[in-house]
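I opened my notebook to jot down what I looked up, one entry at a time. Here is what I had on screen.

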Amino acid sequence: MSSALQKTGASGMISGLLVEGLGSYGPYALMAGIYFTTSLMTMFISNTATAVLMAPIALSSAIGIGASPTPFLFAVTVGASMCFASPFSTPPNALVMPAGQYTFMDYIKVGLPLQIIMGIVMVFALPALFPF
């Protein structure tokens, strides 16, 4: 799927839209957009598939604004790994759902605020560790 996105130009188009929409606000805004897009996608498809789909988009977006791609790629990695608002994103979330008798809304109530907090922290922590 990732190769198809690159070969058809969809990856470049999406990264171009991200750069046009958020690039003018600086690398922090662009990285936040990539992080939260990745995080949102993991609520519906697996985190592995999301990372594979978003990595080329993050790479192209970083290059598009002339920034180092490293913090953007880590944003994809961390964003795909920290989906707490859905039982479908990672196997451990799905594994504990029947044992704890959790509902989908339990993940939303607890996981969504945690996911937002972690997103805000990561948008500022990643550039501190891996400068633009």
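Which residues do ring pairs link into a cluster? I looked, keeping in mind that this is a predicted model. The cluster consists of Tyr-28, Phe-72, Phe-124 and Phe-132, linked by ring pairs.

**Entry: aromatic pairs**

I searched the whole structure for aromatic pairs and got six. I picked out Tyr-28 with Phe-132: the ring centres sit 5.1 Å apart and the planes meet at 85°, so I wrote this pair down as edge-to-face. The cut-off I needed for that step is an angle over 60 degrees. Tyr-28 belongs to helix α3, while Phe-132 is in the segment after α7, so this pair ties together parts that are 104 residues apart in sequence.

Next I asked myself whether these two are buried or exposed. Neither word fits: Tyr-28 has 39% relative accessibility, so I put it down as partly exposed. Phe-132, with a relative accessible area of 29%, is partly exposed too.

I also noted Tyr-35 and Phe-36, another edge-to-face pair, with 5.3 Å from centre to centre and 75° between the planes. Tyr-35 is buried, at 1% relative accessibility, whereas Phe-36 is partly exposed at 32%.

**Entry: the nonpolar core**

Which members of the largest nonpolar core touch the most other members? I found Ile-34 and Phe-72, out of 16 residues in that core. I then checked which helices supply it: α3, α4 (47-65), α5 (69-81) and α7 (104-129) each give at least two residues. As a reminder to myself, nonpolar side chains in soluble globular proteins tend to be buried together.

I listed what Ile-34 touches, leaving out residues up to four places away in sequence: Leu-18, Met-54, Ala-58, Ser-61, Phe-72 and Val-76. Phe-72 turns up in this list, and I had already met Phe-72 in the ring cluster.

**Entry: Ser-39**

Where does Ser-39 lie? I placed it in helix α3, which covers residues 27-41. Its relative accessible area is 2%, so I counted Ser-39 as buried, since the cut-off for buried is under 20%.

What does the side chain of Ser-39 make a polar contact with? I found the side chain of Gln-115, at 2.3 Å. Beyond residues up to four places away in sequence, Ser-39 touches Gly-79, Cys-83 and that same Gln-115.

Notes
Residues numbered from 1 in each chain as written. Predicted model: local features only at pLDDT ≥ 70, side-chain atom pairs only at ≥ 80, totals over all residues. Heavy atoms only, no water. Helix = DSSP H or I, 4+ residues; strand = E, 2+ residues; numbered from the N terminus. Buried < 20%, exposed > 50% of the residue type's maximum accessible area, 1.4 Å probe, protein only. Polar contact = N/O pair within 3.5 Å; in protein donor to acceptor, adjacent residues only side chain to side chain. Contact = heavy atoms within 4.5 Å. Core = buried A, V, L, I, M, F, W, Y, C linked by side-chain atoms within 4.5 Å. Phe/Tyr/Trp six-rings, centres within 6.5 Å; stacked < 30°, edge-to-face > 60°.
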